[in-house]
Amino acid sequence: MVRSTYDNRNGYLNTQMIRENTKKQAYRRSVAGKPDAGGKPDLRGLTLPEISRIVEEMNEPAYRAGQITSWVYKKAVGSFEEMTNLSRSFRAELSDRTCLNPLTSVQRSKSRHGPTTKYLFELGDGQKVESVLIGGSRRNTLCISTQVGCAIGCRFCASGLEGLVRNMTTAEIVDQVVQVRKLAGDTRPINNIVVMGMGEPLANYRQVLRAVRIINADWGLGIGARKITLSTSGLVPKIYQLAEEKIQFELSVSLHAADDRTRTSIVPVNRRYPLKQLMKACRHYTGSTDRIITYEYVLLKGVNDRFQDAENLVKLLKKDKCKLNLIPYNPVHGLPYERPDEHRQAAFVEALQKGGLQLTMRRERGRDIDAACGQLRLAESRKALEG
Ligand code: SAH
Ligand code: SF4
């Protein structure tokens, strides 16, 4: 079966490659989500209370749970043997009940233009995901993935090209932070997390929420909730659900167009949750959490960068308490979209500012290392398919 997300995209993956890929995906889906062959949970996806319960079942003193989270999250050990303040017999029993399967780093590329490093990780079933570290010596932001592929299929995005392969587990999501911290070292401490890598975080809601809570917890990775941003393409029911969580995480919504016709043509989920519903959900979120939403807007030449688009955007957002972030498009090989030139970008910004909108423009970083989400994985899987 050839999935419809490949159609009318001008992608250069041919039908045979897609069929082979789909067979592999069916196999991978059958093993997906299992923590390990024996069904033991991975320690890197467990919370302190959950580890405490395991310790209690083992009739060990309660403080052992804190020692374990410290080894796993703070010291980033890769095996039970490295937990040297735990007795050999305790470690053996712990490994009977749990597992520890760190991600394998298979590629690291540094940008020539600035302090951006992209990591490609292999998961237990051979799937690959990417994480990007952006920033200088003091402020470092790590962009993490939440799904292998993505079902939403935004027309301009590399992550949606292969459709969804599978959800990532809590441990796999958290371990990106653990591993990059270890690989990047103390010179580049990670102090911001953006959940903007491959995948739609709110489509993998449970695992993502568990993961960000671990990343936030003092006993976990200790990154402040306000330094953690979740980004969504606009899954309306999940935005309402998130508003009920009573947590201080930041929310970004990928808007990309201010009229339904244009938005549906580039973000297909808009057909299901059109702008009126999306904006109502966003306003509810802001009203009930008092958190300001950031709207993301990728500038695509001739698609959403016209004067009329700027006018529509002003009309849509001018009464809202929100932020707007413009992102010049990072071209994806095989897709027909382009970035508008500097002159056009400036004209768009001017029209928005005249209309009274506050905005920021994301600076270009790491274009030479395929730093837009999904691009490195796509390049890798194409290489593999081409043999
Ligand atoms: N699925 C979520 C989060 C991951 S995508 C979402 O869509 O919000 C993170 C952001 O990167 C989104 O705003 C997305 O539209 C944008 N993006 C995807 N591909 C891009 C590209 N090639 N260039 C610039 N931004 C891109
Ligand atoms: Fe999925 Fe986000 Fe890419 Fe859209 S932009 S295909 S939602 S990862």
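The chain of this predicted model contains 12 helices and 12 strands. Of its 387 residues, 42% are buried. Contacts across the sequence also deserve attention: among those between residues at least 6 apart in sequence, 68% join residues at least 24 apart.

## The sheet

Strands of a sheet pair through backbone hydrogen bonds, and the pairing is either parallel or antiparallel. In this chain, 10 strands form an open sheet with mixed pairing, in the order β1-β2-β3-β4-β7-β8-β9-β10-β11-β12. The edges of the sheet are taken by β1 and β12 (359-361); each has a single partner strand, so one side of each is left without a neighbour in the sheet. From one strand to the next, the twist averages 20 degrees. Helix α11 (residues 342-354) packs on the sheet, where it touches β10, β11 (322-328) and β12. The direction of α11 makes about 165 degrees with that of β12.

The table below lists several strand pairs of the chain.

| Strand pair | Sense | Bridges |
|---|---|---|
| β1 (residues 104-110) and β2 | antiparallel | 6 bridges |
| β2 and β3 (residues 128-135) | antiparallel | 7 bridges |
| β3 and β4 (residues 140-143) | antiparallel | 4 bridges |
| β4 and β7 | parallel | 3 bridges |
| β9 (residues 250-254) and β10 (residues 293-299) | parallel | 3 bridges |

Individual bridges can be located in the structure. K110 has T117 of β2 as its bridge partner, and F121 is bridged to V129 in β3. Further along, the partner of I134 is T141 in β4. In the parallel pairs, C143 is matched with V194 of β7, while S254 is matched with E296 of β10.

Why is strand β2 described as largely enclosed by the rest of the structure? This strand covers residues 116-122, and 6 of its 7 residues are buried, so the rest of the structure largely encloses it. Strands β2 and β3 form a hairpin with 5 residues between the strands. In this hairpin, G126 takes a positive phi near 90 degrees.

## Two helices

Helix α3 comprises residues 63-74, which is 12 residues. From its first C-alpha to its last, α3 reaches 16 Å, close to the 16 Å expected at 1.5 Å a residue. Its buried residues are R64, A65, I68, T69, W71, V72 and Y73. These buried residues pack against two other helices, α2 (48-57) and α5 (170-184). Just after α3, a positive phi of about 55 degrees is found at A76.

Helix α6 comprises residues 205-216 and likewise has 12 residues. Its reach from first C-alpha to last is 16 Å, close to the 16 Å expected at 1.5 Å a residue. Which residues of α6 are buried? They are Q207, V208, A211, V212, I214, I215 and N216. The elements that cover these buried residues include the strands β6 (164-167), β7 (192-195) and β8 (228-232), together with α5.

## Residue Y285

Y285 is placed in helix α9 (residues 275-289). Is this residue buried or exposed? A residue is buried if 20 or more other C-beta atoms lie within 10 Å of its own. Y285 has 20 C-beta neighbours inside 10 Å, and therefore counts as buried.

When its neighbours within four places in sequence are left aside, Y285 is in contact with I239, L242, A243, L251 and I293. Of these contacts, L251 belongs to the stretch of strand β9 (residues 250-254), and I293 belongs to that of strand β10 (residues 293-299). The C-alpha atoms of Y285 and E244 are separated by 8.7 Å, although the two residues are 41 residues apart along the chain.

## The surroundings of ligand 2

How many residues surround ligand 2? There are 13 residues around this ligand, and the closest are C150, I152, C154, C157 and G160. Sorted by class, the shell has 6 nonpolar, 6 polar and 1 charged residues.

Methods: Residues numbered from 1 in each chain as written. Chains lettered and ligands numbered in written order. Predicted model: local features only at pLDDT ≥ 70, side-chain atom pairs only at ≥ 80, totals over all residues. Near = placed C-beta within 6 Å. Nonpolar A, V, L, I, M, F, W, Y, C, P; charged D, E, K, R; others polar. Buried ≥ 20, exposed ≤ 12 C-beta atoms within 10 Å, placed from the backbone. Pairing = 2+ DSSP bridges. Expected span 1.5 Å × (residues − 1). Contact = placed C-beta atoms within 7 Å. Axes fitted to C-alpha atoms, helices over the stretch in contact; angles between N-to-C directions.
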